[in-house]
Each structure stands twice: as structure tokens, then as C-alpha cells.
Amino acid sequence: MSKGCPLTTQHVIHWIHWTEDGRSHSAHWRSESGTPPPARIEIADDRTAADTAYRMVCEGTALLWRGDYQGARQLLTAVARRVDRGPRRARGRRVPAGSPAEAFHRHRQAQSRRARLLGMLLVPLDADFGVPLRRAPDVREACAAAYGSSDAPSITSLRELLGLIGAYEWRRKGVEVPALGGDRVHPHYGVFSPVRGEYVGLVADAPLPPGGTAFDIGTGTGVLAAVLARRGIARVVATDQDPRALVCARENVTRLGLSDRVEVVRADLFPPGRAPLVVCNPPWVPARPSSPVEYAVYDPGSRMLRGFLDGLAAHLTPGGEGWLILSDLAEHLGLRSRAELLAAIEGAGLTVRARHDTRPVHPRATAPDDPLHAARAAEVTSLWRLTTS
């Protein structure tokens with residue numbers, strides 16, 4: 001969730017209720033996206049046809065799976081194909097091109113609808129996170145890594161469970177970071193993974209200002225703090241306020257042998273004091289998240305960006321630099337202009353000493369079928385070196 005996240009997720013126990021075999025049942029409802037428990041639930045199994053399942057979820061009825069686990073995965077794939085084709089009345093209808101911002105909002109609406117519908121196929125979890133379905137894998141460690149402890153049966157969506165399994169594999173294997181000499185960082189569930197390495201490379205290559213201390217604001221996995229420490233900075237204070245990010249960063253720092261140089265602390269943006277180098281990689285898109293887990297990507301009202309800029313001067317030593325790592329994707333989408341960014345920098349009493357640019361190399365940057373292809377193809381990620389005026 002965090003790279004870092006300006007909002008701490010509060011885990012509140014919700015209950016889900018349904019009727020099965022003429023009896024009323026209840027269980028804990030688990031949803032990391034913050035989706036409320038569905039009000040209408042029907043039992044489904046291997047006899048449930050994909051067209052029937054698609055119709056029911058479109059009507060707002062969730063399906064609690066009681067058949068073979070692999071059959072549930074196949075049904076989810078079949079429903080996803082139908083969701084991606086869209087409603088029959090909309091097929092073949094020409095959608096006006098509109099502005100980049102309109103294309104972005106249509107894309108977000110489609111993503112939200114897809115997530116909502118695919119999240120309606122539910123699976124049970126035992127009190128120890130075992131899945132009581134035929135041919136189900138052992139997901140207890142993956143669930144415990146994301147959910148923590150458990151003392152009661154629960155229900156979650158199959159889509160979320162598959163996401164937990166994938167995230168656990170990322171955590172177990174780690175992500176190779178060339179800027180760390182090929183060492184790996186291990187992202188926890190809900191913590192932004194440094195799979196887009198171009199921003200890490202910018203921090204690894206930019207000339208360091210004099211001084212032996214740095215702050216890493218919104219550290220997430222701790223990858224940028226680790227890069228700075230490996231570059232020779234004697235003391236790095238890495239901040240975040242998301243509990244998962246704090247645990248994740250501390251584990252990575254320890255695994256990389258940097259605990260004597262990097263201190264991970266809980267803070268909303270800045271720690272106390274000043275430093276000759278203050279680094280921040282805020283969420284790049286100023287839009288409203290549709291769920292808590294999206295705060296790593298979307299920064300509503302540019303809260304974190306503006307908070308960093310407005311507070312930077314008070315946390316820099318004389319002659320120090322603030323490094324703002326930011327993509328211009330929002331500019332190409334019409335969500336924030338370059339003039340607005342420069343005005344925010346100037347309004348915070350800062351000047352631009354230099355800027356280092358790089359182009360992303362992730363697959364979507366060159367995928368012509370991506371709804372946001374034009375913006376992604378033009379995207380540039382920059383490291384802005386800011387100083388006090």
C-alpha cells in the first residue's frame with residue numbers, strides 16, 4: 001500500500017451473513033480493498049455455468065463457492081472474459097475519444113467495475129486460514145503474512161486470495177535491484193514493490209550533496225534508503241506511517257546488513273531535524289483512490305506531494321538538496337500541469353538546481369492496446385534537485 005502511504009489502514013472486523021441448507025451462517029469478512037460485505041449471497045459449485053455466474057454478479061449477487069478450488073479459478077477466468085467484453089448493449093458502440101483526462105476516468109471506471117464484479121466470487125477460510133475446498137493449495141502462510149493472526153473462520157473473495165498468494169511469492173523471492181548490486185528487497189503485501197526500477201536508478205546516479213545524513217520520506221520497502229546507505233551516506237532516517245511498510249522496511253534494511261546506517265521511524269512525512277539530503281518518491285497521480293490499497297499510486301489533491309514541498313525548506317540544512325522523484329504521467333493525462341508543479345515548488349520557497357530524466361521501460365509503456373497508451377508512451381520520470389531560494 002505504501003511507497004509510502006499517507007493513510008494508515010484501520011482493520012475493522014466486519015461480518016458476512018448468508019443462508020445455506022436452510023440455516024443462517026455468519027463469518028468474518030476479509031477485504032483488503034475495503035469493499036463492504038455483499039448483502040446477497042448464493043451458493044455456487046462446479047455445476048454453476050459461467051453465463052449464470054456472470055448474470056448473478058452483474059445483478060449484485062455474490063457467489064459463495066463450495067465446489068472444487070480449481071473449478072473456482074476456472075469460473076473466475078470465464079467471468080473475467082465476460083466482464084472484459086462488456087455488456088451486450090455496449091458492444092460495438094463507439095466511445096468518443098475525448099480528452100486524456102476523460103480517457104483516464106473512463107479507464108478508472110472500467111477498472112472499478114471489473115474489480116467489483118470479479119470480487120463477487122467468494123471462498124471460505126478456516127480459522128487457521130486453510131481453504132476447505134477440494135484441491136485447494138495451502139495458503140495459510142500467505143494469508144497470515146497479509147492478515148496477521150486469526151481465531152475464527154472467514155470469507156474473502158477468490159480474487160483477493162489469488163492476490164495474496166502472488167504477493168507472498170514476491171515477498172518470498174524478492175525483487176532484484178540493480179542499484180543494490182543485484183541484491184533483493186522483499187516487498188510485503190500492500191507495500192509498493194520497486195518493480196519499476198528507473199526511479200531507483202535516478203537516486204543511485206544523481207550527484208550527492210555534501211553531508212553524512214539523509215531523510216527518505218515515505219520509504220515503503222526501504223529501497224531508496226538502502227541505495228543511499230550503499231552510496232556511503234552514514235545515517236539515513238527513513239519514514240513511513242503505514243504499519244506494513246515500517247515492518248517491511250526494517251526487515252529489508254536488516255537483511256541487507258544496513259541496520260547500523262538506516263533507522264526506520266514512524267512519521268507523517270518528515271522526522272524531526274534537518275538533513276543535507278531529503279528524498280521523496282510520492283504517489284504520482286493526483287486522483288482519488290477507490291480503495292485503501294491504491295494510496296501507493298494515487299495521491300488525492302496531491303496531498304503528499306504538496307506536504308513534501310511545503311515542509312522541505314524547514315528540514316534542509318543550508319545548501320542542502322531535496323530530491324523529488326516524480327513521473328510526468330499526470331501531466332500527459334491532463335490531471336496536473338507542469339506550470340502547477342513549478343508554481344508549487346516556487347510557492348514553497350524552493351528553486352530547481354537541476355533535473356535528471358529517464359524513460360520507463362515497463363511493458364505498458366509500449367503496449368498499444370493499453371487505454372492510456374499515448375500518455376504512457378510519452379511518460380518521463382524525473383529526479384528534481386530542489387534547494388531553498
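Which residue of β13 does Ala275 stand opposite? Ala275 faces Leu316, and the two belong to a pair of strands, β12 (residues 275-280) and β13 (residues 316-327), that run in the parallel sense over five bridges. Strands here, like helices, are DSSP runs numbered from the N terminus (E over at least two residues for strands, H or I over at least four for helices), and two strands count as paired if DSSP finds at least two bridges between them.

The model is a predicted one, in which local features need pLDDT of at least 70 and side-chain atom pairs count only at pLDDT 80 or more, while totals for chains, interfaces and linings use all residues. Residues are numbered from 1 along each chain as its sequence is written, and side-chain values use heavy atoms, with hydrogens and water left out.

The sheet that holds β12 and β13 is open and has seven strands in the order β11-β10-β9-β12-β13-β15-β14, with mixed pairing. Its edge strands, β11 (262-266) and β14 (350-358), each pair on one side only. Helix α8 (residues 243-255) packs on this sheet, touching β10 (235-240) and β11 (contact means heavy atoms within 4.5 Å), and its direction makes about 170° with that of β11; such angles run from 0 to 180 degrees between N-to-C directions, with axes fitted to C-alpha atoms, for helices over the stretch in contact. Helix α9 (residues 303-312) touches β9 (213-217), β12, β13, β14 and β15 (381-388), and makes about 165° with β13.

In soluble globular proteins, nonpolar side chains tend to be buried together. The largest nonpolar core (buried Ala, Val, Leu, Ile, Met, Phe, Trp, Tyr and Cys residues joined through side-chain atoms within 4.5 Å, buried being under 20% relative accessible area with a 1.4 Å probe, protein chains only) has 65 residues, of which Leu228, Val262, Val278, Phe308, Leu309 and Leu324 touch the most other members. Helix α7 (residues 223-230) gives the most to this core, with seven residues. Apart from it lies another core, of 43 residues, among them Leu63, Leu118, Ile155 and Tyr189.

A further open sheet is formed by six strands in the order β1-β2-β6-β5-β4-β3, again with mixed pairing. Because β1 (14-20) and β3 (40-44) stand at its edges with a single partner strand each, one side of each is left without a neighbour in the sheet. Within this sheet, β5 (residues 121-125) and β6 (residues 154-157) pair in the antiparallel sense over four bridges, and Pro124 has Ile155 in β6 as its bridge partner. Helix α2 (residues 69-85) lies across β4 (61-65) and β5, running at about 150° to β4.

Terms used. Buried means under 20% relative accessible area, exposed over 50%, partly exposed in between (1.4 Å probe, protein chains only).
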